[in-house]
Structures are given as C-alpha cells and as structure tokens.
Amino acid sequence: MDIKKTIDDVVAKVKNDPDLLKKFQADPVKTIESLSGIDIPDGMEDKIVAGVKSALSGNTASGLIDKVKNLL
C-alpha cells in the first residue's frame, strides 16, 4: 500500500468535489476506503485521515506519511 499515493489521490478527488468533501467530513475513513478501493488496516485510520486533512488544509503531509510508512 502506497500511503502517499493514496492520500494524494483522495485529496485530489475530495478538494475538487464539494459533495465528496461533505462525505469526507462526515465519515472520513469510509470515504477514503471508498475512493481508494482499499480497506484501511486497523490502527492506521487516524494517521491516514490526518494526512488527508493536513493536505486539504494546505499543509505538507510528507512527515506524517513517512511516519505511517514506517508502521507498515
């Protein structure tokens, strides 16, 4: 699983679609899983959601992504 690619792909889709953004805000894990087609492993949900939220807010998520990669 390429965490950075997953986050980048989800961010690209969510930030360009107000309906997806609302779905992400309501249920981020389910939205990420649906957009990426992957089942996020238990224990990694919060980290991946944080990476997407960080990228959506304009912050670079690379440090967070590197930490998540180390968990795999």
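Biologist: Let's start with a term: a salt bridge is a side-chain nitrogen of Lys or Arg within 4 Å of a carboxyl oxygen of Asp or Glu. With that in hand, what makes Asp8 and Lys4 a salt bridge?

Modeller: This is a predicted model, and in it the closest N and O atoms of Asp8 and Lys4 are 2.8 Å apart. The cut-off is 4 Å, so the pair qualifies as a salt bridge.

Biologist: Where do Asp8 and Lys4 lie?

Modeller: Both belong to helix α1, 4 residues apart, which is about one turn of the helix. Side chains of opposite charge can pair when their charged atoms come close.

Biologist: How many salt bridges are there by this rule?

Modeller: The count is 2. Asp9 also forms one, with Lys5, where the closest N and O atoms are 2.7 Å apart. Asp9 and Lys5 again both sit in helix α1, with their positions 4 residues apart, about one turn of the helix.

Biologist: Why are Asp8 and Lys4 called partly exposed?

Modeller: Buried means under 20% relative accessible area and exposed means over 50%, with partly exposed in between. Asp8 has 36%, so Asp8 is partly exposed. Lys4 has 38%, so Lys4 gets that label too.

Biologist: And how do you know which label fits Asp9 and Lys5?

Modeller: Use those limits again: Asp9 has 33% relative accessibility and therefore counts as partly exposed. Lys5, with 47%, is under the 50% limit for exposed, so Lys5 is partly exposed.

Biologist: Let's move along α1. What makes Val14 count as buried?

Modeller: Val14, which has its place in helix α1 (residues 3-15), has 0% relative accessibility. That value is under 20%, so Val14 counts as buried.

Biologist: Which residues does Val14 touch, leaving aside those up to four places away in sequence?

Modeller: Val14 touches Leu20, Leu21, Phe24, Leu35 and Leu56. The C-alpha atoms of Val14 and Val52 are separated by 9.3 Å, although the two residues are 38 residues apart along the chain.

Biologist: Val52 brings us to another helix. How do the axes of helix α3 (residues 28-36) and helix α4 (residues 45-56) cross?

Modeller: They come within 10 Å and cross at roughly 80°. Angles from 65 to 115 degrees count as roughly perpendicular, so α3 is roughly perpendicular to α4.

Biologist: Which residues make the contact between α3 and α4?

Modeller: From α3 there are Pro28, Val29 and Ile32, and from α4 there are Glu45, Ile48, Val49 and Val52. By type, these contact residues divide into 6 nonpolar, no polar and 1 charged.

Biologist: Which residues of α4 are buried?

Modeller: They are Ile48, Val49, Gly51, Val52 and Ser54.

Biologist: How do you know that the span of α4 agrees with its number of residues?

Modeller: The expected span is 1.5 Å times one less than the number of residues. For the 12 residues of α4 that comes to 16 Å, and the end C-alpha atoms are 16 Å apart, so the two agree. After α4 comes Gly58, whose phi is positive, near 95°.

Biologist: What does the whole chain look like in terms of helices and strands?

Modeller: There are 5 helices and 0 strands, giving the pattern α-α-α-α-α along the sequence. Of the 72 residues in the chain, 31% are buried. Among contacts with a separation of 6 or more, 54% are between residues 24 or more positions apart.

Definitions and conventions
Residues are numbered from 1 along each chain as its sequence is written. This is a predicted model: local features need pLDDT of at least 70, side-chain atom pairs count only at pLDDT 80 or more; totals for chains, interfaces and linings use all residues. Side-chain values use heavy atoms; hydrogens and water are left out. Helices (H or I, at least four residues) and strands (E, at least two) are DSSP runs, numbered from the N terminus. Buried means under 20% relative accessible area, exposed over 50%, partly exposed in between (1.4 Å probe, protein chains only). Contact means heavy atoms within 4.5 Å. Axes are lines fitted to C-alpha atoms, for helices over the stretch in contact, and angles run from 0 to 180 degrees between N-to-C directions. Angles under 35 degrees count as roughly parallel, over 145 as roughly antiparallel, 65 to 115 as roughly perpendicular and the rest as oblique. Ala, Val, Leu, Ile, Met, Phe, Trp, Tyr, Cys and Pro count as nonpolar, Asp, Glu, Lys and Arg as charged, and the others, Gly among them, as polar.
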